[in-house]
Amino acid sequence: MLRRRIGGADGPEVGALCLGAMTFGTALDEATSFAVLDRFVEAGGNLIDTSDNYAFWLPGATGDESETTVGRWMASRGARDRVVISTKFGARPTVPGGGLEAAEGLSAPVARKAAQESLRRLGTDRIDVYWSHIEDRSVPLEETLGALDELVTAGQVRVLGASNHPAWRMERARALARRNGWTGYTCVQQRYSYLQPRFDVALPEGGHVHVTPEMLDYVRSEPDLTLMAYSTLLFGAYSRDDKPLSPAYDHPGTARRLAAVRAVAAELGATPGQVVLSWLLGGDPAVLPIVGVSSVAQLEELLGALEVTLDAEQRDRLDRA
């Protein structure tokens, strides 16, 4: 698997795809989670994305499960030095059964405490990419960034990222970090795929913030910024009729884009999902897709995207659709 650096020249070197661990230990049992992780690393992947709140919304879950499962896998395989761990804080509910309205937020005490708890669950002494999971405008940026810089200085965190933050907040935070000599955000994580939603209709998934043209332009202009995208395959909607799209995608452009991606897939002997991932990987700016799977077979299909090459005409056709 081809490698690239994320988070600037001093950031870790990672494979072209990131494995999302959201359902590990909850919807996906430990044995299957371990099998997926084994195959991903065997194929040359190394970037694993988790959080301190995955997947608290499922019945019986607490939010510990994903990090704990990844930690147990690393310990059982002796794999810590072969993988790059990406995890998040800020969106864990503070009350049992609560949702994002009760999220822990981005205060300095939360940042410090959440990092120690993630390190414990993961069974490691360092987090490679640490994310502010959601915005928290009740806390000054100075407070959050100062606490995160302390974690970097202590060697517990390597690279910082902001998930679900708009471009203007990213720029404000990065400028503030530069002025204070702190480590700044060098990774962005937002929802992004080939199909584009309407921006006047809310996405049904709580907390999801979609990439905007402004964010793409901002990342394109900042060489040290890496854009990672989640929900890249829209929960299987490209290939499965039983996975309906939400009302945000109910507009004429959706049908045109679905037809285009399926036509290109047929030409290449690929699946629509593989074409979507290839489109993201080869875009401007290049996007690092996060992929979630429920089986090794699904992972095998998505790894096949790395063998799919869109020529200039196919990419232009996809863009114009």
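What follows is a friendly conversation about a predicted model of one protein chain.

Reader: What makes the protein chain agree with a compact globule?

Author: The radius of gyration does. A compact globule of 321 residues would have a value near 20 Å, and the protein chain has 19 Å, so the two agree. Along its principal axes the C-alpha trace spans about 50 × 45 × 40 Å. Of the 321 residues, 56% count as buried. Among contacts with a separation of 6 or more, 74% are between residues 24 or more positions apart. As for secondary structure, there are ten helices and ten strands.

Reader: Why is Ser 231 called buried?

Author: Buried means under 20% relative accessible area. Ser 231 has 15%, so Ser 231 is buried. This residue belongs to the loop between β9 (226-230) and α7 (252-268). Its phi is near 55 degrees, a positive value in a residue other than glycine.

Reader: And why is Phe 235 called partly exposed?

Author: Partly exposed covers the range between under 20% and over 50%. Phe 235 has a relative accessible area of 46%, so the label for Phe 235 is partly exposed. Phe 235 is also in the loop between β9 and α7, and its phi, near 60 degrees, is again positive in a residue other than glycine.

Reader: Where do Ser 231 and Phe 235 lie with respect to the largest pocket?

Author: Both are listed with Met 22, Thr 23 and Gly 292 as the lining residues nearest the centre of that pocket. The lining has 45 residues in total, and the pocket has a volume of about 1300 Å³. Strand β10 (288-291) and helix α9 (296-303) each supply at least two lining residues, with α9 giving the most, three residues.

Reader: What makes up the lining of the largest pocket, by class?

Author: There are 21 nonpolar, 18 polar and six charged residues. Gly counts as polar in this division, so Gly 292, one of the residues nearest the centre, goes with the polar class.

Reader: How does the second largest pocket compare by class, and what lines it?

Author: Its lining has 13 nonpolar, three polar and four charged residues. The lining is made of 20 residues, and Leu 2, Ala 16, Leu 281, Gly 282 and Leu 306 lie nearest the centre. At least two residues each come from β1 (3-5), β2 (13-15), α8 (272-281) and β10. The space in this pocket is about 350 Å³.

Reader: What makes an empty space a cavity here, and how many cavities of 30 Å³ or more are there?

Author: In a cavity a 1.4 Å probe fits but cannot get out, whereas a pocket is open. A search of the whole structure finds one cavity of 30 Å³ or more. The largest cavity holds about 60 Å³ of space, so it passes that cut-off. Its lining consists of Leu 106, Glu 135, Asp 136, Val 139, Leu 141, Thr 144, His 165, Arg 169 and Tyr 185. By class these are four nonpolar, two polar and three charged residues.

Reader: Why is a set of residues called a nonpolar core?

Author: The members must be buried residues of the nonpolar kinds, joined through side-chain atoms within 4.5 Å. The largest such set has 82 residues, and Trp 73, Tyr 130, Tyr 194 and Leu 318 have the most contacts inside it. Helix α3 (residues 108-122) contributes the largest share, seven residues. A second, separate core has 13 residues, including Val 14, Cys 18, Val 129 and Trp 131. In soluble globular proteins, nonpolar side chains tend to be buried together.

Reader: Which residues is Leu 318 in contact with, leaving aside its neighbours within four places in sequence?

Author: The partners are Tyr 194, Arg 257, Ala 260, Val 261, Val 264, Val 275, Trp 279 and Leu 310. Contact means heavy atoms within 4.5 Å, so each of these partners has a heavy atom within that distance of Leu 318.

Reader: Which peptide bond to a proline is cis, and what is its omega?

Author: The bond joining Asp 284 and Pro 285 is cis, with omega about 5 degrees. Pro 285 sits in the loop between α8 and β10. The peptide bond from Tyr 54 to Ala 55 is cis too, with omega near -15 degrees. Ala 55 is part of the loop between β4 (47-49) and α2 (65-77).

Conventions
Residues numbered from 1 in each chain as written. Predicted model: local features only at pLDDT ≥ 70, side-chain atom pairs only at ≥ 80, totals over all residues. Heavy atoms only, no water. Buried < 20%, exposed > 50% of the residue type's maximum accessible area, 1.4 Å probe, protein only. Helix = DSSP H or I, 4+ residues; strand = E, 2+ residues; numbered from the N terminus. 1 Å grid on protein atoms, 1.4 Å probe; cavity = no way out; pocket = protein on both sides within 12 Å on 5 of 7 lines; lining within 4 Å. Points joined across faces, edges and corners; volume = space filled by probe spheres on them. Rg over C-alpha atoms; globule rule 2.2 N^0.38 Å.
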